[in-house]
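Grab your viewer and work through a few short exercises. Try each task yourself before you read its solution.

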Amino acid sequence: MRIATSNMFDTSISTLQRRQQQMQDSQQRLTSGKRIQQASDDPTGASRAERSLSAIGRIDANQRALEASRNSMTLTESALGDANEIMQQIRESMVAAGNASYTDTERKGLADKIAGLRNQLLAIANRPDGGGGFLFGGQGSADPPFLDQPGGVSYTGVPGQIATGNVDDFPLTVDGRAVWEQARSGNGTFVTEPQPNALTGAPGKSWIDAGRVINPSLLTGNSYQVQVSGTGAGATYTVTNTSTGAVVATAPFASGKSIEFEGMAVTLSGTAEDGDQFTIAPSTPGLKVFEVLDRAVSELRTPLRSGVQIAQSNSGRVRDMDAVIANMQSARSQVGERMNNLDGTESRMADLKLYNQSEQSAAEDLDMVQGISEFQNQQSGYDAALKTYAMVQRMSLFQYINS
Amino acid sequence: MGTSALLSLGMKAMFANQAALQTIGQNIANANTPGYSRQLVNLTTPEGQFTGAGYFGKGVNVQTVTRAHNEFLTKEAASSKSLAFMDSTRYSLLQQLEKVFPTGADGLGQAANQFFNAMVDVTSRPADPSARQVALGRAQELAARFSNAGAQLADLQSGVVSDLKADIDVVNQLSQQIAAANDQVARAIGTGHSPNDLLDQRDQLISRLSQYVQVTTLPASDGSVGVFIGGGQRLVLGNQAQTLSATPDPYDSNRVQLSISEANGSRVLDESVLSGGSISALLAYQNKDLQDARNLMGQMAMAVAMKVNSQQALGLDLSNPPGAGAPIFAVGSPRTLPAITNTRDAAGAYATTLDIQITDPTRVPASSFLLRADPTGTPGQYELTARPDGKPEVLTPADIEKRYGVRITESGAPMQPGDSFVVEPVAMAAGGMRRVLDNTNGLAAAAPVTATVPLTNTGTMTVDSLYAVNKNLDLSKVPMSVQFGAVNPADNSIAYSITMSDGSVVNGNWKSGSTIGNEPLAGIDLGFELRLNGVPRAGDTVNIDPTKFPAANNSNAKAFLNLQKESYVGRVLQADGSLSKGATITDAYAAAMSDVGSRVQGSKYLSGVSAGVASDAEQVRSGQAGVNLDEEAARLMQFQQGYQAAAKVLQAGQKIFDELLALAQR
């Protein structure tokens, strides 16, 4: 077949140009390290990389949310730690106030101490989170969430908690009501409360302890009344289930001996007086820290109380303080658990990010070994093409007929 | 037999060799001239002279000069070149289009993600002005990227129009020149010899014309060639050439169509009948690829902007008193374009106008439609065809709204048969997108309602989230309370009843992980979505109250975050009336990007193939018609020697004659 000279030149030139273009592309890929420069280089890979990149962005945002949550939780944890310390001091003072040799003046001194500590506690409950909110703000609150009003401290926030995050939910605030106002009253199952003497109307001569649960399977959740009949030796007590009206226990009165009925046990102490009565009600989750403290302070400040009254009041308030301390500690351990979760989530997110990064890299990055060897291949190919081109084009019959 | 015969023989031989040498010189001179066909001298031997001693040759005749030309190969080279030009033009146009859909951090998908990721920080610190500022900044960036992309697409459109006009000018010039060449050829052909260089020139003009538009040629008996385009449309006939022109699209004056002038006015050439050449690529790109890109981009812009705006409207902002959030984004409005031929009223305005509104951004397809009056003449129905290549369907406006989320309202005189409109729900959306919210306090991060669980609950239930999801939330019925009943052991669901402040009650069933308040399938559509953690016991309640402290509430911002993972772009109405799952904004962008990417890839492959075919065809053609210099060198020597030999014959004749004269002198 004949070959037209000009076509031969055209073809060679366009082949050389194509090779040069390919080398340029390879070189660009090597410089950027990316196999995919535009979507057309590999449409599937490009959209895979796109998804990974978006996942990485979301994880980064989630990480920022996690930091915000960790910040709040750390502050809350330390606030609850401080609060716990103060509550322990208050409890110690309360126990000390039970000392029978103390006079009203000494009890008043202790009451002042407790009142001072209570104010510190209020400051902790109103601690800001450094970002314009409050640690115990719940789902939003006035400024600040706990207001010291004439009727006592009240929580003005909306109970509940706020969470952040786009992949997982991280808590930002702690429900202030749950921490400060939601301890279970009494011993957690029932509340014992002395009542004025049914006959005289004066405070009773005997007192009741907080009681305990001896057989949870027998608990009914009903209310009871303990009634003492007769005075001194020979006196008896009757326990009536006021919900059903049935008498569930009756026995001679013995100071310091426990009375057992329907899965629970309470102890009456002191001297029996005809008409002394006590109520036992199911525990409710509404015991407020500041209400307990205010009551303790006001009781300690009450002068001219009998020993029985003091004992009854101390036993009741120490019981209440134990309940609120326990509630606070359970809140604290919840916060600690959340921080633990945050750490776990963080490392899980780091893994997820790594996975997405390697996914993105697998989709769009250039295998350097392959890229370099391809480039060298093209280079030697181009070199050979140039050499042969020069050689072939030099050959012309006109050169030989010159002479 | 005399010496004169020998002299005449030698002279003829010299003349023939000289003619051959001259042709070789011409070939060498035009070795690199595009379209030149190698020329050859046709030598013949004249009939010999009869004598008693037999026939004596009378030398050589130069009959004519022919060109090495193959009609079939020339046509083949021109038509494959036409295809190659179409494919390479499309490839380079699509490469420009691909730049509007960049990958990775420069892409639109990432801009949307960054906006939503900035909302995560607003969720973490709902009252923090700097977090809100960043979110608004990202919103600005997102809107700017969409509008830039829209502007780039508009630039590409105007580039196509100017390219088309330039190409059409060249085609008109070329067809004029072909007509002129036809005229000259027809005149020259009468001489009995073929005007080789003129024919080459005409072939070359046709070949150049093929770059712009695929042509077919038909030779006529007078030597002229008829040139036809678009399946038999006459472009050049004899010495007459028709003119092509770029006329405005009847609907959208920014677009053009190809028309050819005829005796009775101009006629529109459909792009589908042009099978090759750059004009065909430009028209296809304008009518398909650019429209698809605009619609894809607009669909995303419309969906994301309207979803964000409607969620924003469901929340409370930080103004005093707190109000519903104002829109964050504005997008280019949907539009309907009447055909310029539509019926007009006495004042010259269009008699019928169509108003269009997007009612559900998630159903809007990435297409434009051609809307005609129902061909059977039934009022209140339209014939709708997706452009450019959909199937016509007869639909009522209610069907259209249900299927495509677009409400079409006709006003003015009723639509006449023959009237048509182009309906573009999203084509302008991206270009017109901008952020319209400037005040950081305007970001509605708070939900209008807050859920709380009372102390008296005995179960472990807590509130996970509560936010408004649509406009059905009636704040006049708040506060409400959700009361749970006993567990149904069959499927572990728990019955609940929602009591509203006006006393009305809604009953439903809750299962762990399901939501309360937004279950359209169960007939509960209260406009909010309540999610719970833990399990309620019988008698437990959740109270839903108006939000008291919007500055601390982040529930609506969390609803924004759901838009990041919600698949709402391009939902399709199924035959059973349900909606298919759409795509998330990231996936929608990735899909659009890879769609354009695979078009580029495909056109690159095609252009490689057709360039190869064209180069092969050209090689074969030039193998037949082109000049090989080595061959010419050999022939040069051959005829040089022939010339020398002929001169020797003359010299011999001269010598014989001289001998004869010398004899006579003696």
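Four exercises follow, each with a worked solution.

Before you start: this is a predicted model, where local features need pLDDT of at least 70, side-chain atom pairs count only at pLDDT 80 or more, and totals for chains, interfaces and linings use all residues. Residues are numbered from 1 along each chain as its sequence is written, with chains lettered from A and ligands numbered from 1 in the order in which they are written.

**Exercise 1.** Work out how the radius of gyration of chain A compares with that of a compact globule.

Solution. Start with the rule: the radius is taken over C-alpha atoms, and the globule value is 2.2 Å times the number of residues to the power 0.38. For 403 residues that lands near 22 Å, yet chain A comes out at 41 Å. Next, look at the box along the principal axes: the C-alpha atoms of chain A fill roughly 155 × 45 × 30 Å. Finally, check burial (20 or more other C-beta atoms within 10 Å of a residue's own, with C-beta atoms placed from the backbone): 36% of the residues of chain A make the cut.

**Exercise 2.** Split chain A into domains and describe where they touch.

Solution. The bounds come from an automatic or database domain assignment. Domain 1 of chain A takes 34–185 + 287–365, and domain 2 of chain A takes 198–283. Their centres, over C-alpha atoms, sit 39 Å apart. Now count contacts (C-beta atoms, placed from the backbone, within 7 Å): nine residues of domain 1 of chain A meet nine of domain 2 of chain A.

**Exercise 3.** Which strands of chain B stand at the edges of the sheet β5-β6-β7-β8?

Solution. Strands are DSSP runs of E, at least two residues long, and helices are runs of H or I, at least four, both numbered from the N terminus. Strands pair if DSSP finds at least two bridges between them. The four strands form an open, antiparallel sheet in the order β5-β6-β7-β8. β5 (215–219) and β8 (240–241) of chain B each have a single partner strand, so one side of each lacks a neighbour in the sheet. Between β6 (225–229) and β7 (233–237) of chain B, there are three bridges. There, B:Phe228 faces B:Arg234 in β7(B).

**Exercise 4.** Compare the span of α10(B) with its expected value, then find what its buried residues pack against.

Solution. The expected span is 1.5 Å times one less than the number of residues. Helix α10 (629–665) of chain B has 37 residues, and its 53 Å from first to last C-alpha is close to the expected 54 Å. Its buried residues are B:Glu632, B:Leu636, B:Phe639, B:Ala646 and B:Gly653. These pack against α1 (3–29) of chain B.

Note on methods. Two residues are in contact if their C-beta atoms, placed from the backbone, lie within 7 Å. A residue is buried if 20 or more other C-beta atoms lie within 10 Å of its own, exposed if 12 or fewer, and partly exposed in between; C-beta atoms are placed from the backbone.
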